[in-house]
Amino acid sequence: MKEASGELSMTAVAVVAIAAIGVVFTTLIWPSIKSNITRSTKCTQAFSCNCTSGAKMCSCLYCQDDNCTNPQSVQCPNKDTN
């Protein structure tokens, strides 16, 4: 019976550890990854970039829809400095 309760305790510890890792990933790591993916997608569609000489980031415009009636602004890496 002691062995069974020991295995149950280890299972509970494993479940709690996996849940803790999931919470840390979801709250701390995933938002950063998601924003980088979104910015990267917008920068591939960007046009009319305003880059100052030597700046690492440029202010660019991108279209959210096919008509491009209201272009949005996004900060993209300067391709000349890479």
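**Burial**

I began with burial in this predicted model. Of the 82 residues of the chain, 10% count as buried. I kept that figure in mind while looking at the overall form.

**Overall form**

I listed the secondary structure and found one helix and three strands. Read from the N terminus, the order is α-β-β-β. I then looked up the radius of gyration, which is 23 Å. The globule rule gives 12 Å for 82 residues, and the value for this chain is well over that, so the chain is more spread out than a compact globule. I also noted the box that the C-alpha atoms fill, roughly 70 × 35 × 15 Å along the principal axes.

**The helix and its patch**

Helix H1 covers residues 2-44, and Cys43 is in it. I looked for nonpolar surface and found a patch of about 630 Å². Val24, Phe25, Leu28, Ile29, Trp30, Ile33 and Ile37 make this patch. I picked one member, Ile33, to look at by itself. Ile33 lies in helix H1. Its relative accessible area is 32%, and partly exposed means between 20% and 50%, so Ile33 is partly exposed.

**Strand pairing**

Next I went through the strands. S1 and S2 run antiparallel and are joined by two bridges. One pairing I wrote down is Asn50 with its bridge partner Ser59 in S2. The hairpin of S1 and S2 has six residues between the strands, and Gly54 there takes a positive phi near 85°.

S2 and S3 also run antiparallel, with six bridges joining them. Here I noted Tyr62, which stands opposite Gln72 in S3.

Which side chains of S2 point to the buried face? They are Cys58, Cys60 and Tyr62. Met57, Ser59 and Leu61 point to the other face and are not buried. The side chains alternate along the strand.

**Disulfides**

I counted the disulfides and found four. As a reminder to myself, a disulfide is a covalent bond between the sulfur atoms of two cysteines. With the bonded cysteines counted along the chain, the pattern is 1-8, 2-5, 3-4, 6-7. I looked at three of the links in detail.

The link of Cys43 and Cys76 has its sulfur atoms 2.1 Å apart. This pair links distant parts of the chain, 33 residues apart, with Cys43 in helix H1 and Cys76 in strand S3 (residues 72-77). The angle about the S-S bond is -100°, and the link is left-handed. I checked both ends, and Cys43 and Cys76 are each buried.

The link of Cys49 and Cys60 also shows an S to S distance of 2.1 Å. Cys49 is in strand S1 (residues 47-50) and Cys60 is in strand S2 (residues 57-62), eleven residues apart. The torsion about this S-S bond is about 115°, so the disulfide is right-handed. Are Cys49 and Cys60 buried or exposed? Cys49 has a relative accessible area of 43% and is partly exposed. Cys60 has 1%, which is under 20%, so Cys60 is buried.

The link of Cys51 and Cys58 has its sulfur atoms 1.8 Å apart. With 120° about the S-S bond, this link is right-handed. Cys51 is partly exposed, with a relative accessible area of 35%. Cys58 counts as buried at 2% relative accessibility.

I went back to S2 after this. Cys58 and Cys60 are on the face whose side chains are buried. Their bonded partners, Cys51 and Cys49, are partly exposed, at 35% and 43%.

**Backbone angles**

Last I looked at phi. Most residues other than glycine have a negative phi. I therefore wrote down the positive values that I came across in residues that are not glycine.

Ser48 is one of them, with a positive phi of about 50°. Ser48 lies in strand S1. Cys68 is another, with phi near 55°. Cys68 lies in the loop between S2 and S3. Why does Cys68 count as partly exposed? Its relative accessible area is 24%, which falls between the 20% and 50% limits, so Cys68 is partly exposed.

Conventions. Residues numbered from 1 in each chain as written. Predicted model: local features only at pLDDT ≥ 70, side-chain atom pairs only at ≥ 80, totals over all residues. Heavy atoms only, no water. Disulfide = S-S within 2.5 Å. Helix = DSSP H or I, 4+ residues; strand = E, 2+ residues; numbered from the N terminus. Buried < 20%, exposed > 50% of the residue type's maximum accessible area, 1.4 Å probe, protein only. Patch = residues over 30% accessible without salt bridge, like charges linked within 9 Å, V, L, I, M, F, W, Y side chains within 5 Å. Areas by Shrake-Rupley, 256 points an atom, 1.4 Å probe, with all protein chains shown as cover. Salt bridge = Lys/Arg side-chain N within 4 Å of Asp/Glu carboxyl O. Pairing = 2+ DSSP bridges. Rg over C-alpha atoms; globule rule 2.2 N^0.38 Å.
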